[in-house]
Amino acid sequence: MDLQILEHRVRVLSLARRGLWLYTHPLLKLLLLPRRSRCKFFSLTETPEDYTIMLDEEGFKELPPSEFMQVVDSTWLVLNVLSNGRSSTSSQAIGVTKIAKSVIAPLAEHNVSVLMLSTYQTDFILVREKDLPVVIHTLTGEFDIYKEVKGESIPVNCDDVSNGFLKPKHAASPTVHPVQSPRNRFCILTVAPDTLPAIATVLIDVLFYSHRFPSDLLLTSSSGELWRMVRIGGQPLGFDECGIVAQIAEPLADADISAYYISTFNFDHALVPEEGIDGIIELLQKRQESSS
């Protein structure tokens, strides 16, 4: 398999819910009018606490600073695991589960903090730009690593990032964070690009006014498949602790359970199949008890 380092330099920020009105125009531009923006990487996640936005530096320039915005100091790089040169897809376990042992666990062991962003098509792993040498040295034995430069994939030589490299200390045992599963039920969806103009008003309604979405315009992963959310953390997790994603992803991988994983500014979230949710929660709690 290949590991691609995308060329986007990403900022991560929190937008207070009460300040959404101030950002309506730039958010709609980034979401619905991509040709009018130079932004090439954009993600918006709504939680009860806030809106988490991950976007590249070009997109970040379009968001005015205000009292409603908190920005992580670090710049993040985006990694994508490819299989035979294409985003990995499989009829087996999907989402973060398929990269738990090859990517997530080794980075945790080498004290690299990661953010995860699972999508319908693929999984993005965000690492701090300063941690890139550690990432390459850690994963070079498992993957052929390429760096995207002006749209082209250039092989990365491990020696190219060796200057000043210090072997990282292995991470201490991570803090065991509580998990809980609200009663909400979720669908994993993708919207065909050519339908975006037709559903613009619907997206605006979902983002700013309600939570309705017309099922006839969506492509779901399978008919009738529903997912439940597992929320990780009782207090805001921060960005320095390592091993949080691994703490959830590894036991799910051992049990061959699919999971989509989304990191946000305050907490982490895993979407797992609704069928068997009680057993999944029990599995995660037992693994945490054995680690504490």
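**Aromatic pairs, a nonpolar core and an enclosed helix**

Trp 76, Phe 239 and Phe 265 are linked into a cluster by ring pairs. This cluster is a handy place to start a tour of the structure, which is a predicted model. In total, 5 aromatic pairs are present. One of them joins Trp 21 and Phe 68 in an edge-to-face arrangement, with 6.4 Å from centre to centre and 75 degrees between the planes. Trp 21 belongs to the loop between strand E1 (2-16) and helix H1 (24-32), and Phe 68 to the loop between helix H2 (57-60) and strand E4 (69-71), so the pair ties together parts that are 47 residues apart in sequence. The two partners sit in contrasting surroundings: Trp 21 is exposed, at 59% relative accessibility, whereas Phe 68 is buried, at 13%.

Rings also meet charged side chains. The charged end of Arg 11 is placed over the ring of Phe 60, 5.0 Å from the ring centre. Likewise, Arg 231 lies over the face of Phe 267, with 3.8 Å to the centre of that ring.

Phe 267 also takes part in a polar contact: its backbone oxygen is reached by the side chain of Thr 264 at 2.6 Å. Thr 264 is located in the loop between strand E16 (260-263) and strand E17 (268-273). With a relative accessibility of 6%, this threonine is buried. Beyond its neighbours within four places in sequence, Thr 264 is in contact with Thr 45, Thr 47, Thr 52 and His 269.

Turning to the interior, the largest nonpolar core has 45 residues, and the members that touch the most others are Val 96, Val 103, Ile 104, Ile 125, Val 127 and Tyr 261. Helix H6 (residues 244-254) supplies the largest share of this core, 7 residues. For Tyr 261, contacts outside its neighbours within four places in sequence include Val 96, Met 116, Leu 117, Ile 232, Ile 244, Val 245 and Ile 248, as well as Ser 118, Asp 268 and His 269.

Val 103 and Ile 104 are also among the buried residues of helix H3, together with Ala 100, Ser 102, Ala 105, Pro 106, Leu 107 and Ala 108. Helix H3 (residues 100-109) is largely enclosed by the rest of the structure, because 8 of its 10 residues are buried. What do the buried residues of H3 pack against? Their partners are strand E5 (76-83), strand E7 (114-118), strand E8 (123-128), helix H4 (132-139) and H6. After H3 comes Asn 111, with a positive phi near 65 degrees.

Conventions: Residues are numbered from 1 along each chain as its sequence is written. This is a predicted model: local features need pLDDT of at least 70, side-chain atom pairs count only at pLDDT 80 or more; totals for chains, interfaces and linings use all residues. Side-chain values use heavy atoms; hydrogens and water are left out. A nonpolar core is a set of buried Ala, Val, Leu, Ile, Met, Phe, Trp, Tyr and Cys residues joined through side-chain atoms within 4.5 Å. Buried means under 20% relative accessible area, exposed over 50%, partly exposed in between (1.4 Å probe, protein chains only). Helices (H or I, at least four residues) and strands (E, at least two) are DSSP runs, numbered from the N terminus. Contact means heavy atoms within 4.5 Å. Rings of Phe, Tyr and Trp (its six-membered ring) pair if their centres lie within 6.5 Å; planes under 30 degrees apart count as stacked, over 60 as edge-to-face and the rest as tilted. A charge sits over a ring if NZ of Lys or CZ of Arg is within 6 Å of the ring centre and within 35 degrees of the ring normal. A polar contact is a pair of N or O atoms within 3.5 Å; within protein, one must be able to donate a hydrogen and the other to accept it, and residues adjacent in sequence count only if both atoms are side-chain atoms.
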